[in-house]
Amino acid sequence: MTLKRFGVSLEQDLLSDLDRLVERERFPSRSGAIAYLVRKNMVEAKWENDEEVAGAVVIVYDHTNLEMHKEVNAIQHNYHCLILSGQHIHLDDHNCLEVIAVRGKAYKLRKLSSKFKALRGIKHVDLVTSATNI
Ligand code: NI
């Protein structure tokens, strides 16, 4: 991809913030940080506009709760069209972590995530938002 150069004018405080961001997140340069922020903004817009997006639903639950185990499985079968793959990790004697890679319209992925949140006794649910073409 061709790189284009352009001049950026920022207030001193904002430039200092940018440099702190570059250092904290270990971006290779200010350009790298700006490119990251632009793409992050594009991904957020895709989710806001209910476009086709990708991401992951991360859940933690106690597998000794057999009803929970069944429900987690049933939800994934009901939404198989949105699910690309799933990874199950046994964290300890009780806790399971599942990372479920998803792709589809943003509102459908949010709905899938909320199905897990609605389960009584689920310990953690998070929706990692990314995109397919950025
Ligand atoms: Ni497990």
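This passage describes the nickel site, the salt bridges and a nonpolar surface patch of a predicted model.

The nickel ion is held by three protein donor atoms, namely NE2 of H88, ND1 of H90 and SG of C96, which lie 2.1 to 2.3 Å from the metal. Along the chain these donor residues follow the spacing H-x1-H-x5-C. Their surroundings can be described by solvent accessibility: C96 is buried, with a relative accessible area of 2%, whereas H88, at 31%, counts as partly exposed.

The salt bridges in the model number 8. One of them joins R20 to D17, with the closest N and O atoms 2.6 Å apart; because these two residues are 3 positions apart in helix α1, about one helical turn separates R20 from D17, and D17 is itself partly exposed at 38% relative accessible area. A further pair is formed by E25 and R24, for which the closest N and O atoms are 3.4 Å apart; here R24 is exposed, with a relative accessible area of 60%, while E25 is partly exposed at 46%. In helix α2, which spans residues 30-48, K40 and E44 are 4 residues apart, about one turn of the helix, and they form a salt bridge whose closest N and O atoms are 3.6 Å apart. Both ends of this pair are partly exposed, K40 at 39% relative accessible area and E44 at 38%.

A nonpolar patch of about 390 Å² on the surface is made by F6, V8, L10 and L14. Of these residues, L14 is placed in helix α1, which covers residues 12-25, and L14 counts as partly exposed, with a relative accessibility of 43%.

Key:
Residues numbered from 1 in each chain as written. Predicted model: local features only at pLDDT ≥ 70, side-chain atom pairs only at ≥ 80, totals over all residues. Heavy atoms only, no water. Patch = residues over 30% accessible without salt bridge, like charges linked within 9 Å, V, L, I, M, F, W, Y side chains within 5 Å. Areas by Shrake-Rupley, 256 points an atom, 1.4 Å probe, with all protein chains shown as cover. Salt bridge = Lys/Arg side-chain N within 4 Å of Asp/Glu carboxyl O. Buried < 20%, exposed > 50% of the residue type's maximum accessible area, 1.4 Å probe, protein only. Donors = N, O, S within 2.8 Å, 3.2 Å for Na, K, Ca; no water.
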